[in-house]
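Me: Please take a close look at one part of this model and stay with it. I want residue-level detail, and the cut-offs behind the terms you use.

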Amino acid sequence: MASRVAAVIGSPVAHSLSPVIHRAAFVAAGVDWSYVAFEVSEGKVEDALAAMRTLGIGGLSVTMPHKQAAARAVD
C-alpha cells in the first residue's frame with residue numbers, strides 16, 4: 001500500500017502540534033501515513049475540501065476559525 005496523507009487546516013496553523021502527535025501515532029501503529037498542516041485562509045474552506053478530495057487526502061482535522069464553515073460544507 002502506498003503512503004497516505006492526512007492533514008489539519010486552520011489559520012493560523014503553523015503552531016499546531018497535530019502533525020507531530022499524529023505522525024508519532026502512525027509510527028506506533030505501524031502504518032505508512034504522514035500528517036501535515038495546511039494554512040487555509042478564512043473563506044477558502046470549500047476550496048480546501050475540494051482540494052482534499054482531488055488529492056486523495058485520507059483524513060482532515062479542522063481547527064479554528066474553520067469548524068463551522070467545514071461543517072456546513074461537508075457531504
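Reply:
**The sheet and its surroundings**

Strands β1 and β3 run parallel and are joined by 4 bridges. Two strands count as paired if DSSP finds at least two bridges between them. Strands and helices are themselves DSSP runs, numbered from the N terminus: E over at least two residues for a strand, H or I over at least four for a helix. This is a predicted model, in which local features need pLDDT of at least 70 and side-chain atom pairs count only at pLDDT 80 or more, while totals for chains, interfaces and linings use all residues. Residues are numbered from 1 along each chain as its sequence is written, and side-chain values use heavy atoms, with hydrogens and water left out.

Start with β1, residues 4–10. β1 is mostly covered, with 5 of its 7 residues buried. Buried means under 20% relative accessible area, exposed means over 50%, and partly exposed lies in between (1.4 Å probe, protein chains only). On the β3 side, Ala-7 stands opposite Leu-60. β2 (residues 33–39) also pairs with β1 in the parallel sense, here over 7 bridges. Three of the facing positions can be named. Ala-6 has Tyr-35 as its bridge partner in β2. Ile-9 has Phe-38. Gly-10 stands opposite Glu-39.

Which order do the strands take? The order is β2-β1-β3, in an open sheet of 3 strands with parallel pairing. β2 and β3 (59–62) stand at the edges, each with a single partner strand, so one side of each has no neighbour in the sheet. Neighbouring strands of this sheet are turned by 20° against each other on average, direction ignored. Such angles run from 0 to 180 degrees between N-to-C directions, using axes that are lines fitted to C-alpha atoms, for helices over the stretch in contact. As a general point, strands of a sheet pair through backbone hydrogen bonds, either parallel or antiparallel.

Now the connection from β1 to β2. Helix α1 (residues 18–29) joins β1 and β2 in a right-handed β-α-β unit. Right-handed means that, with the strands pointing away from the viewer, the path from the first strand over the helix to the second runs clockwise. α1 lies across β1 and β2 and runs at about 170° to β2. The 12 residues of α1 should span 16 Å at 1.5 Å a residue, and its end C-alpha atoms are 16 Å apart, so the two agree. That expected span is 1.5 Å times one less than the number of residues. Just after α1, Gly-30 takes a positive phi of about 70°. Val-31 follows in the loop between α1 and β2. Val-31 counts as partly exposed, at 38% relative accessibility. Its C-alpha atom is separated by 8.4 Å from that of Ser-3, although the two residues are 28 apart along the chain.

Two loops carry cis peptide bonds. One joins Ser-11 and Pro-12, with omega about 0°. Pro-12 is in the loop between β1 and α1. Another joins Met-64 and Pro-65, with omega about 5°. Pro-65 is in the loop between β3 and α3.

His-66 also sits in that loop, between β3 and α3 (67–73). Is His-66 buried or exposed? His-66 is buried, with a relative accessible area of 1%. Not counting residues up to four places away in sequence, His-66 touches Ile-9, Gly-10, Ser-11, Val-40, Ser-41, Glu-42 and Val-45. Contact here means heavy atoms within 4.5 Å. Ile-9 and Gly-10 come up again here: their β2 partners are Phe-38 and Glu-39.

Last, the setting. Read along the sequence, the chain follows the pattern β-α-β-α-β-α. That comes to 3 helices and 3 strands. Buried residues make up 24% of the 75 residues. Of the contacts with a separation of 6 or more, 74% are between residues 24 or more positions apart. The C-alpha trace spans about 35 × 25 × 15 Å along its principal axes. A compact globule of 75 residues would have a radius of gyration near 11 Å, and the chain has 12 Å, which agrees. The radius is taken over C-alpha atoms, and the globule rule is 2.2 Å times the number of residues to the power 0.38.
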